[in-house]
Amino acid sequence: MDIRQTRRVASGRRRRGQWLRRGLVASVVLLGAAFVVAYVRSGNLCDQGPFVAGPTPMMAVVHCDYGGPEVLRIARVPRPSPGAGEVLVQVRAASVNPLDWHYMRGVPRVMRLASGLRKPADIRVGVDFAGVVAATGSGVTRVAVGDAVFGLRRGALAEFVVVPADGLLQPKPASVSFEAAAAAPLAAITAWQGLRDHGQVRPGQRVLINGASGGVGTYAVQLGKVLGAEVTGVCSTRNLAMVRALGADRVIDYTTTDVTRLPDRYDVIFDTVGNHALGAMRSLLTPQGRYIGIGGGSPHTQRWLGPLPRVAAMALRSLVGASSMTTFVADATPADLASLQQALAAGTLRSQIDRTVPLAQAVDAIRYLEAGRARGKVVVVMP
Ligand SMILES: NC(=O)c1ccc[n+]([C@@H]2O[C@H](COP(=O)([O-])OP(=O)(O)OC[C@H]3O[C@@H](n4cnc5c(N)ncnc54)[C@H](OP(=O)(O)O)[C@@H]3O)[C@@H](O)[C@H]2O)c1
């Protein structure tokens, strides 16, 4: 290649490099502009002025903005009506979950990409409910007006909720109260999917539940026993007797004993707290053991990325050795809810209720849950 050809090739490379850089800058600028537009335009029902409740109003917990419990309001809003294939349920009881304060605060902030950038796109609160069918849309044969039911639906902290008839809705067992039925869905299904699907717990295995006294933990202890495991629960002194009464074979008081310093090894660790280093948790596993971490953190920690860095660290650790570390987001299915209904009806699973409060105190219920000291589930009952 002579000197002129070499220069041509070099200048061609420079031009391509320049275009690449310009393309990159233009993409970043466009993305930034799209984000700003989406941020400014993101809004919700509250932007349309005061709610017009109409002739059939109902009371519901709503939030127009992201923030602490002070953004919650108990407001008169229009009662929803069931469309074809839908059921209107008059809610008798609803329970609260950490999910509610995640949506309320929009934390970790990364979730706002889906839940609304500037304001919550959906102003409703709550997900677990139990109540009585008040009306049915056309084509509904599975349930009838007057049936007692329970299930999952966004906006459950309200006097009425509309649910697809063939969705997350089951008859409430007659032997179970509305409060106990409303307490169970999200927490129990999370525990069930964690132990049965992700932990693949088998009879005789040793299972450790960290956070055994919380909403999810109280069901996990019982479900570990249903699966035939030897269950150890970690909780504080005041909850030792409660966790033992739920069926735990052994309890460890985290205020006096650091579980990671004990010589015991577990086939499955179900961790709802996430307060120990992953290395320390891994050292508690048998060689083929499974660690399932489902969350943890308070409203004031991990505000931007939430559990994502810990999840990435779990994935990396799972690349080495035979034990595994994983997480999941509960995905409730009608089949899971049907299994839960059977377990509640048979009495193999019961709801441990910390407290029951009226709708007027729903904001306090979420404030209490945020403090992270609930003993089982917190339930709100409707007037
Ligand atoms: N991935 C999913 O799909 C999914 C689904 C549901 C829930 N979650 C997450 O799972 C976590 C637990 O949910 P939850 O409903 O059980 O919450 P919760 O009811 O608010 O949990 C509170 C319980 O945690 C216990 N606790 C606090 N610090 C502890 C520690 N250091 N060691 C042992 N126990 C401790 C408390 O007991 P003391 O008062 O005695 O300390 C209390 O009983 C939350 O982070 C939630 O976001 C994830």
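These are my notebook entries on a predicted model, ordered from the whole chain down to single residues.

**Entry 1: the chain as a whole**

I began with the overall dimensions, and the C-alpha trace of the protein chain spans about 90 × 65 × 40 Å along its principal axes. I then looked up the secondary structure, which comes to eleven helices and 15 strands. Of the 383 residues of the protein chain, 43% count as buried. For the contacts between residues at least 6 apart in sequence, I noted that 67% join residues at least 24 apart.

**Entry 2: two domains and their contact**

I looked up how the chain is divided, and found domain 1, made of 57–184 + 351–381, and domain 2, which covers 187–326. The C-alpha centres of domain 1 and domain 2 lie 27 Å apart. To their contact, domain 1 gives 16 residues and domain 2 gives 18 residues. I asked which element supplies the largest share of the side of domain 1 that touches domain 2. I found that helix H2, residues 98–105, does so with three residues. By class, that side of domain 1 holds seven nonpolar, four polar and five charged residues.

**Entry 3: the six-stranded parallel sheet**

I next traced an open sheet of six strands, whose order is S10-S9-S8-S11-S12-S13 and whose pairing is parallel. Its edge strands are S10 (250–253) and S13 (324–326), each of which pairs on one side only. Neighbouring strands of this sheet are turned by 15 degrees against each other on average, with direction ignored.

Within the sheet I followed strand S8, residues 206–210, which is joined to the parallel strand S11, residues 266–271, by four bridges. Five bridges join S8 to S9, and these two strands also run parallel. Asn 210 let me check both sides of S8: in S11 the residue opposite Asn 210 is Asp 271, while in S9 the bridge partner of Asn 210 is Val 234. I also checked how covered S9 is, and five of its six residues are buried.

**Entry 4: helices on the sheet**

I looked up which helices lie against these strands. Helix H6, residues 215–226, lies across S8, strand S9 (230–235) and S11, and runs at about 175 degrees to S8. Helix H9, residues 308–318, packs on the sheet as well, where H9 touches strand S12 (285–293) and S13, and its direction makes about 160 degrees with that of S13.

**Entry 5: the shell around the ligand**

How many residues surround the ligand, and which are the closest? I found 30 residues around the ligand, and the closest are Gly 214, Gly 215, Ser 236, Gly 295 and Ala 330. Helix H5 (185–198), H6 and S9 each supply at least two residues of this shell, and thus H6 and S9, which I had met at the sheet, turn up again here. By class, the shell divides into 13 nonpolar, 15 polar and two charged residues. I then asked where the ligand lies with respect to the domains. Because domain 1 and domain 2 both give residues to the shell, the ligand lies between them.

**Entry 6: backbone details**

I searched the backbone for departures from the common pattern, in which most residues other than glycine have a negative phi and most peptide bonds are trans. A cis peptide bond joins Val 107 and Pro 108, with omega about -5 degrees. I placed Pro 108 in the loop between H2 and helix H3 (112–115). Gln 200, a residue other than glycine, has a positive phi near 45 degrees. I located Gln 200 in the loop between H5 and S8. Is Gln 200 buried or exposed? Gln 200 counts as exposed, because it has 12 C-beta neighbours inside 10 Å, and the cut-off for exposed is 12 or fewer.

**Entry 7: Pro 358**

My last look was at Pro 358, which is found in strand S14, residues 353–358. Pro 358 has 11 C-beta neighbours inside 10 Å and therefore counts as exposed. Leaving aside its neighbours within four places in sequence, I found Pro 358 in contact with Val 381 and Pro 383. I also checked Pro 358 against Leu 24, which is 334 residues away along the chain, and their C-alpha atoms are separated by 55 Å.

Technical notes:
Residues numbered from 1 in each chain as written. Predicted model: local features only at pLDDT ≥ 70, side-chain atom pairs only at ≥ 80, totals over all residues. Domains from an automatic or database assignment. Contact = placed C-beta atoms within 7 Å. Nonpolar A, V, L, I, M, F, W, Y, C, P; charged D, E, K, R; others polar. Buried ≥ 20, exposed ≤ 12 C-beta atoms within 10 Å, placed from the backbone. Pairing = 2+ DSSP bridges. Axes fitted to C-alpha atoms, helices over the stretch in contact; angles between N-to-C directions. Near = placed C-beta within 6 Å.
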